[in-house]
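Here's a quick briefing on cavities, ring contacts and buried elements. Have a look at the model first, then we'll go through it topic by topic.

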Amino acid sequence: MFSFFKRLVGKTSDTPEEDQVEDAGGLDSEDEAEIPAEEGLRHATTPVTPAQPVQTPDASLQHATTPVTPALPVDSSPAAQAKPYWQGRTASQWTAAQETAVIVPPPEPEEVAKRSWITRLKTGLSKTSSGLTGIFVGAKIDDDLYEELETALLMSDAGMDATEYLLEELREKVRSERLTDAMQVKAALRSLLADLLRPLEKSLMLGRAQPLVMMIAGVNGAGKTTSIGKLAKHLQSFDQSVLLAAGDTFRAAAREQLRVWGERNNVTVLSQESGDAAAVIFDAVGAAKARKIDVMMADTAGRLPTQLHLMEELRKVKRVIAKAHPDAPHEVLLVIDANTGQNALAQVKAFDDALGLTGLIVTKLDGTAKGGILAAIARQRPIPVYFIGVGEKVEDLQPFSADEFADALLGS
């Protein structure tokens with residue numbers, strides 16, 4: 001269900017620069033970079049309240065991107081109370097804490113806002129939807145129907161694996177439930193598609209570190225810089241202070257673009273006219289810690305996964321971030337362009353192997369006939385899709401919902 005926290009973006013406009021080359025210099029894993037002892041980290045914080053029994057949240061609230069205070073054991077010693085609650089916790093401790101954290105739901109959105117987003121989503125996916133829904137009009141349930149569905153799913157870039165899976169499950173559902181009408185088969189396919197996509201539906205959890213460090217990657221022209229700017233606006237709606245790091249030090253327009261978004265959102269953007277991306281981001285993490293910023297997002301230069309030296313540069317950036325802040329980066333997001341179809345799946349696999357992705361932002365779904373790519377991702381590399389973009393406006397980037405997406409493709 002659409003909810004209040006959905007505020008964001010859509011179509012992006014990074015300029016493709018296939019031939020850009022990144023500097024391999026800067027901080028390496030071997031560098032003996034000392035992390036400054038920031039005075040901002042020495043402030044006292046309110047003791048964390050132990051976890052209370054948690055009621056199962058309403059399904060409509062599962063998607064809320066809401067700051068949470070993890071329920072961790074309280075250490076009453078003076079030393080423990082003099083450091084932030086997140087300091088010294090391992091990733092596994094945070095995972096366990098999140099499972100018992102109480103998520104406070106935001107207010108329900110106005111009905112007009114709900115209808116507006118669903119309308120934009122359906123409009124954006126209309127090219128993909130038309131290739132699927134038209135098959136069921138006046139159709140008989142026979143082998144010809146399944147063959148047409150197979151062709152339509154493949155044309156939408158669902159991929160062979162997801163297509164075979166959906167059709168096999170659909171045949172079984174038709175037999176077991178004795179479906180005799182084409183519209184019933186369409187509804188069954190919609191249900192199966194939603195079930196396939198549901199593992200991708202996951203919230204971006206805030207408040208589990210200070211700062212929460214997010215590293216954004218992607219190929220040239222996918223829309224990283226614009227998505228970062230619009231995501232910053234989304235986070236501010238949850239009272240999160242944000243700092244941006246212009247880690248794309250090779251495309252001058254990227255820095256300027258990020259500065260524009262910083263001015264729009266009244267957000268500080270740290271950048272250098274030239275220099276090493278890892279060093280810029282390292283400094284930004286230190287600044288975020290000193291200023292007690294809630295979320296620090298790092299832009300990176302676009303690169304193709306086949307450019308091995310540039311992929312290694314990304315790994316270096318991630319290592320340097322870990323030096324600047326324990327357990328960071330807390331989120332490693334990949335921005336992919338839906339129009340690239342199966343190439344997007346290849347990008348997800350390559351960047352995940354190199355960096356260990358925690359989430360995806362899928363842009364430019366509006367007007368594409370390749371919306372089935374999410375089914376391919378769900379089947380072969382089910383990395384959470386935090387946001388999808390179906391337009392150019394700020395509100396056209398919204399958290400992903402499997403049911404809403406399936407409805408937009410095959411009707412409710």
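Rings of Phe, Tyr and Trp (its six-membered ring) count as a pair if their centres lie within 6.5 Å; planes under 30 degrees apart are called stacked, over 60 edge-to-face and the rest tilted. With that rule, searching the whole structure turns up one aromatic pair. Bear in mind that this is a predicted model, where local features need pLDDT of at least 70 and side-chain atom pairs count only at pLDDT 80 or more, while totals for chains, interfaces and linings use all residues. Residues are numbered from 1 along each chain as its sequence is written, and side-chain values use heavy atoms, with hydrogens and water left out.

**Charges over rings**

- A charge sits over a ring if NZ of Lys or CZ of Arg is within 6 Å of the ring centre and within 35 degrees of the ring normal.
- Arg171 lies over the face of Tyr146, 4.0 Å from the ring centre.
- Arg264 puts its charged end over the ring of Trp261, at 4.4 Å from the centre.

**Cavities**

- On a 1 Å grid over the protein atoms alone, a cavity is a set of points where a 1.4 Å probe fits but cannot get out, and lining residues have an atom within 4 Å of a point.
- Grid points are joined across faces, edges and corners, and a volume is the space filled by probe spheres set on the points.
- Four cavities of 30 Å³ or more come out of the whole-structure search, and the largest holds about 80 Å³ of space.
- That largest cavity is lined by 14 residues, with Leu132, Leu153, Leu193, Gly372 and Leu409 the closest to its centre.
- Helices H4 (126-133), H7 (182-197) and H14 (402-410) each give two or more residues to this lining, and H14 has the largest share, with three.
- Helices (H or I, at least four residues) and strands (E, at least two) are DSSP runs, numbered from the N terminus.

**Buried elements**

- Buried means under 20% relative accessible area (1.4 Å probe, protein chains only).
- Helix H13 (residues 373-380) has six of its eight residues buried, so it is largely enclosed by the rest of the structure.
- Strand E4 (residues 295-298) is covered on both faces, with Val295 and Met297 buried on one side and Met296 and Ala298 on the other.

**Strand pairing around E4**

- Two strands pair if DSSP finds at least two bridges between them.
- E1 (residues 212-218) pairs with E4 in the parallel sense over four bridges, and Val213 has Met296 as its bridge partner in E4.
- E2 (residues 242-245) also runs parallel to E4 over four bridges, with Leu243 bridged to Met296.

Note on methods: 1 Å grid on protein atoms, 1.4 Å probe; cavity = no way out; pocket = protein on both sides within 12 Å on 5 of 7 lines; lining within 4 Å. Buried < 20%, exposed > 50% of the residue type's maximum accessible area, 1.4 Å probe, protein only.
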